[in-house]
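Visitor: I have a model to go through and would like to talk it over residue by residue. Could you walk me round it?

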Amino acid sequence: MNRFLTVGDIGDLDQALREAKEVKANPFKWQDLGRNKTIILVFFNSSLRTRLSSQKAAQNLGMNAIVLNIDKDSWKLETEMGVVMDGDKSEHLREAIPVIGSYCDIIGVRSFARFESREFDYQETIINQFIQYSGRPVISLESATRHPCQAFADLITIDEYKTVKRPKVVLTWAPHPRALPQAVPNSFAEWMKAADVDFVITCPEGYDLAPDIMEGVHLERDQKKAFEGADFIYAKNWASFEQYGQILSKDMSWTVDAEHMSWTNNAKFMHCLPVRRNMIVSDEVIDSPNSIVIPEAANRVVSAQVVMKRMLESLKK
Ligand code: AN0
Ligand code: CP
């Protein structure tokens, strides 16, 4: 495995889930695999879970992890090609990426959507430059349009908590004061489409995800109808794709509260975190026994470790 960006990069999902179970049951079994190997985790944006779970996953594999916070620890980086660098950016990505690559064996990158241009974001301009210029396997730690480590952890969590073979999984939009990327819902949808689940998206008008993500998805505009019979409710805010990066609604009737959960089949509540309480989800729901947000976050170590393990195995070949 030399990149981890979309669901296609993981291959067969049942095999990936079996590997996740093995890694979770015996996290230190592959300590030799990472000996004398280094991963550099590059962050253009804030993080709690991704940073810590990636470091822990690397440690479990016996690998060294170095974290670099761009803008805070390093020079401000120019990302546009062909510009006269007379502003506040001291270094270009074109040099920084191969330099980072020369110090490590694997690179992880977090670089959120900027919402300046849909083309720039959806072409995955930044992470593709890391793939092109680093000479190293690259893991997305949330790129402009995808968050695969999160979606893989979500799939592992659903597999652990499901009580029927083919659960009904509902992705619901919920209100938020700021414009958030589509990376988490895009990846969640992409992974759920590939998994053996009954997958439904519910969101207000204007919040449909990109056409290739929506393709083949059961879209139910009526949130109550969508929730009926659900085994898992996955809440998330995202900004509009159509009116790119805009906030079109802050309708608090979409906030997942106890009444919403009463429409479901005693569903488990999921969210990638960080979550705004009483915007996305009420205190009552996130504090209820049906909330599995903490084990979901814990599985971020497992998903990251499976991906790093596969990359290390490929490097050995
Ligand atoms: C980010 C997002 O919605 O993409 C990160 C989520 C993992 N969330 C925020 O910026 C609040
Ligand atoms: N879920 C997630 O990726 O969290 P962080 O932004 O804290 O890493």
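Guide: Let us begin with Asn 278, which lies in the loop between S12 and H11; please keep in mind throughout that this is a predicted model.

Visitor: OK, what is phi of Asn 278 near?

Guide: Phi of Asn 278 is near 65°, which is a positive value in a residue other than glycine.

Visitor: And is Asn 278 buried, partly exposed or exposed?

Guide: Asn 278 counts as partly exposed because its relative accessibility is 38%, and the partly exposed class lies between the 20% and 50% limits.

Visitor: Staying with that loop, where is Pro 274 found?

Guide: Pro 274 is found in the loop between strand S12, residues 268–270, and helix H11, residues 283–286. The peptide bond that leads from Leu 273 to Pro 274 is cis, with omega near 5°.

Visitor: Now the ligands. Which residues are around ligand 1?

Guide: Around ligand 1 are Phe 112, Glu 142, His 147, Leu 180, Pro 181, Lys 236, Cys 272, Leu 273 and Pro 274, so both residues of that cis peptide bond, Leu 273 and Pro 274, belong to this list. By class, the shell around ligand 1 divides into 6 nonpolar, 1 polar and 2 charged residues.

Visitor: Which side chains have a polar atom 2.7 Å from an oxygen atom of ligand 1?

Guide: Glu 142 has a polar side-chain atom 2.7 Å from an oxygen atom of ligand 1, and Lys 236 has an N or O atom in its side chain that is 2.7 Å from an oxygen atom of ligand 1. Taken alone, ligand 1 exposes 330 Å², and the protein buries 84% of that.

Visitor: What sort of space does ligand 1 take?

Guide: The space taken by ligand 1 is the largest pocket, and the space taken by ligand 2 is likewise the largest pocket.

Visitor: Back to Glu 142 for a second: where does it lie, and is it buried or exposed?

Guide: Glu 142 lies in the loop between strand S7, residues 138–140, and helix H6, residues 148–161. Glu 142 counts as buried because its relative accessibility is 7%, and the limit for buried is under 20%. Phi of Glu 142 is near 110°, a positive value in a residue other than glycine.

Visitor: And ligand 2, what surrounds it?

Guide: Ligand 2 is surrounded by Ser 47, Leu 48, Arg 49, Thr 50, Arg 110, His 147, Gln 150, Cys 272, Leu 273 and Arg 300. The residues of this shell around ligand 2 divide into 3 nonpolar, 4 polar and 3 charged.

Visitor: Which residues have atoms 2.7 Å, 2.8 Å and 3.0 Å from ligand 2 atoms?

Guide: For Leu 48, a backbone N or O atom lies 2.7 Å from an oxygen atom of ligand 2, while for His 147 a polar side-chain atom lies 2.8 Å from an oxygen atom of that ligand. For Cys 272, a backbone N or O atom lies 3.0 Å from a nitrogen atom of ligand 2. On its own ligand 2 has 250 Å² of accessible area, and the protein covers 93% of it.

Visitor: Changing topic, what does the side chain of Glu 190 reach?

Guide: The side chain of Glu 190 reaches the backbone nitrogen of Val 7 at 3.1 Å. Glu 190 lies in helix H7, residues 183–194, and is buried, with a relative accessible area of 14%.

Visitor: How about Thr 255, where is it found?

Guide: Thr 255 is found in the loop between strand S11, residues 232–236, and helix H10, residues 258–262. A polar atom of the Thr 255 side chain lies 3.2 Å from the backbone oxygen of Met 252, and Thr 255 is buried, with a relative accessible area of 8%.

Visitor: Last one: how many residues apart in sequence are Ile 100 and Gly 135, and Leu 33 and Met 63?

Guide: Ile 100 and Gly 135 are 35 residues apart in sequence and 9.9 Å apart in space, C-alpha to C-alpha; Ile 100 has its place in helix H3, residues 93–102. Leu 33 and Met 63 are 30 residues apart in sequence and 7.8 Å apart in space, again C-alpha to C-alpha. Leu 33 is in the loop between helix H1, residues 13–25, and strand S2, residues 38–43, and counts as buried at 12% relative accessibility.

Note on methods: Residues are numbered from 1 along each chain as its sequence is written. Chains are lettered from A and ligands numbered from 1 in the order in which they are written. This is a predicted model: local features need pLDDT of at least 70, side-chain atom pairs count only at pLDDT 80 or more; totals for chains, interfaces and linings use all residues. Side-chain values use heavy atoms; hydrogens and water are left out. A residue is near a molecule or strand if one of its heavy atoms lies within 4 Å of it. A polar contact is a pair of N or O atoms within 3.5 Å; within protein, one must be able to donate a hydrogen and the other to accept it, and residues adjacent in sequence count only if both atoms are side-chain atoms. Accessible areas come from the Shrake-Rupley method with a 1.4 Å probe; for residues, only the protein chains shown count as cover. On a 1 Å grid over the protein atoms alone, a cavity is a set of points where a 1.4 Å probe fits but cannot get out, and a pocket is an open set with protein on both sides within 12 Å along at least five of seven lines; lining residues have an atom within 4 Å of a point. A molecule sits in a cavity or pocket if more than half of its atoms lie within 2 Å of its grid points. Ala, Val, Leu, Ile, Met, Phe, Trp, Tyr, Cys and Pro count as nonpolar, Asp, Glu, Lys and Arg as charged, and the others, Gly among them, as polar. Helices (H or I, at least four residues) and strands (E, at least two) are DSSP runs, numbered from the N terminus. Buried means under 20% relative accessible area, exposed over 50%, partly exposed in between (1.4 Å probe, protein chains only).
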